[in-house]
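Here are a few exercises to work through with a structure viewer open. Try each task before you read its solution.

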Amino acid sequence: MKKLGILIRPENTEEENDGYFQIALQNGLEIVLLDALEPKCDFLQKCKKCNGFLLTGGNHNDWYDDMIIDYALAYQIPLLGICQGMQSMAIYKSGGDTVKIGNDSHHLAKEKRHAVILKSGRLRDIVGLDQIWVNSYHYEMAKESKVFSVTGYSEDGIIEVVENKEHPFQIGLQWHPERMSDDEVSQRIIKRFITLIRYTK
């Protein structure tokens with residue numbers, strides 16, 4: 001059975017983690033818990049077991065984000081970054097950090113959506129659209145991305161998508177597709193992610 005490594009951040013609740021677990025459980029993948037509180041050597045050994053990585057949402061970037069991204073890039077492993085996970089991908093190797101938006105324009109009620117404009121790249125190819133509608137639960141943003149290409153923006157110019165254009169699926173999303181299970185676009189994204197994991201050695 002293929003293994004999906006899921007980052008367990010200390011600030012996340014069981015309910016928040018369950019949404020990530022469902023991506024694996026509904027698609028026949030074994031979950032490897034990458035616990036941010038365990039020693040780095042143990043964390044790395046777990047990374048070596050994984051056929052794909054889910055870089056979860058949260059409220060800050062730390063060494064465990066970089067270790068997962070390092071490993072995914074080095075061994076060409078599928079990587080899906082969600083919310084903080086996307087921000088961690090964007091600031092990877094930049095020497096910078098995320099910044100506060102300064103208002104709650106991107107921390108929407110559960111039923112609200114905003115538009116994301118997609119540029120040429122892997123994600124636009126996957127969903128087949130130039131614009132999609134997404135949920136939004138963040139107060140901070142990445143201002144630039146050094147290693148990954150920026151391929152999606154909100155209408156007010158905030159980075160919403162980063163990706164490695166040289167890999168079939170190493171993509172970061174500023175929103176939460178796992179909370180939009182009935183959404184066709186979210187289903188396409190997760191389906192492609194799972195498909196690539198299944199073909200990873």
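The exercises below use a predicted model and go from the sheet to single residues.

**Exercise 1. The sheet**

Work out in which order the nine strands sit in the open sheet, and find what stands at its edges.

Solution. Start with the order: the strands run 2-1-3-4-11-10-9-6-7, with mixed pairing. Now look at the two ends. Strand 2 (30-35) and strand 7 (131-134) each have a single partner strand, so one side of each has no neighbour in the sheet. From one strand to the next, the twist averages 20°. Last, zoom in on one pair: strand 1 (residues 3-8) and strand 2 run parallel and are joined by six bridges. Leu4, for instance, has Ile31 of strand 2 as its bridge partner.

**Exercise 2. Helices across the sheet**

Find which strands helix 2 and helix 4 lie across.

Solution. Take helix 2 (residues 40-47) to begin with: it lies across strand 1, strand 2 and strand 3 (52-55), at about 160° to strand 2. Then go to helix 4 (residues 84-91), which lies across strand 3, strand 4 (79-82), strand 10 (159-163) and strand 11 (170-173). Helix 4 runs at about 110° to strand 4.

**Exercise 3. Checking helix 6**

Compare the expected span of helix 6 with the distance between its end C-alpha atoms, then see where its buried residues point.

Solution. Helix 6 (residues 184-198) has 15 residues, and at 1.5 Å a residue they should span 21 Å. Its end C-alpha atoms are 21 Å apart, so the two agree. Next, pick out the buried residues: Val185, Ser186, Ile189, Ile190, Phe193, Ile194, Leu196 and Ile197. Seen down the axis of helix 6, they fall within an arc of 165°, so they line one face. Here's the background: an α-helix has 3.6 residues a turn, so residues three or four places apart point the same way.

**Exercise 4. Two cysteines**

Why is there no bond between the sulfurs of Cys47 and Cys50?

Solution. Check the distance: the sulfur of Cys47 has its closest cysteine sulfur in Cys50, 5.9 Å away, which is too far for a bond. The cut-off for a disulfide is 2.5 Å, and the count comes to zero. As for accessibility, Cys47 is buried at 0% relative accessible area, and Cys50 is buried at 4%.

**Exercise 5. A loop residue**

Is Asp130 buried or exposed, and what does it touch?

Solution. Locate Asp130 in the loop between helix 5 (122-127) and strand 7. Its relative accessible area is 51%, so Asp130 is exposed. Leaving out residues up to four places away in sequence, Asp130 touches Val116, Ile117, Leu118 and Arg124.

Terms used. Residues are numbered from 1 along each chain as its sequence is written. This is a predicted model: local features need pLDDT of at least 70, side-chain atom pairs count only at pLDDT 80 or more; totals for chains, interfaces and linings use all residues. Side-chain values use heavy atoms; hydrogens and water are left out. Helices (H or I, at least four residues) and strands (E, at least two) are DSSP runs, numbered from the N terminus. The expected span of a helix is 1.5 Å times one less than its number of residues. Buried means under 20% relative accessible area, exposed over 50%, partly exposed in between (1.4 Å probe, protein chains only). The arc is that of the directions from the helix axis to the C-beta atoms. Two strands pair if DSSP finds at least two bridges between them. Axes are lines fitted to C-alpha atoms, for helices over the stretch in contact, and angles run from 0 to 180 degrees between N-to-C directions. Contact means heavy atoms within 4.5 Å.
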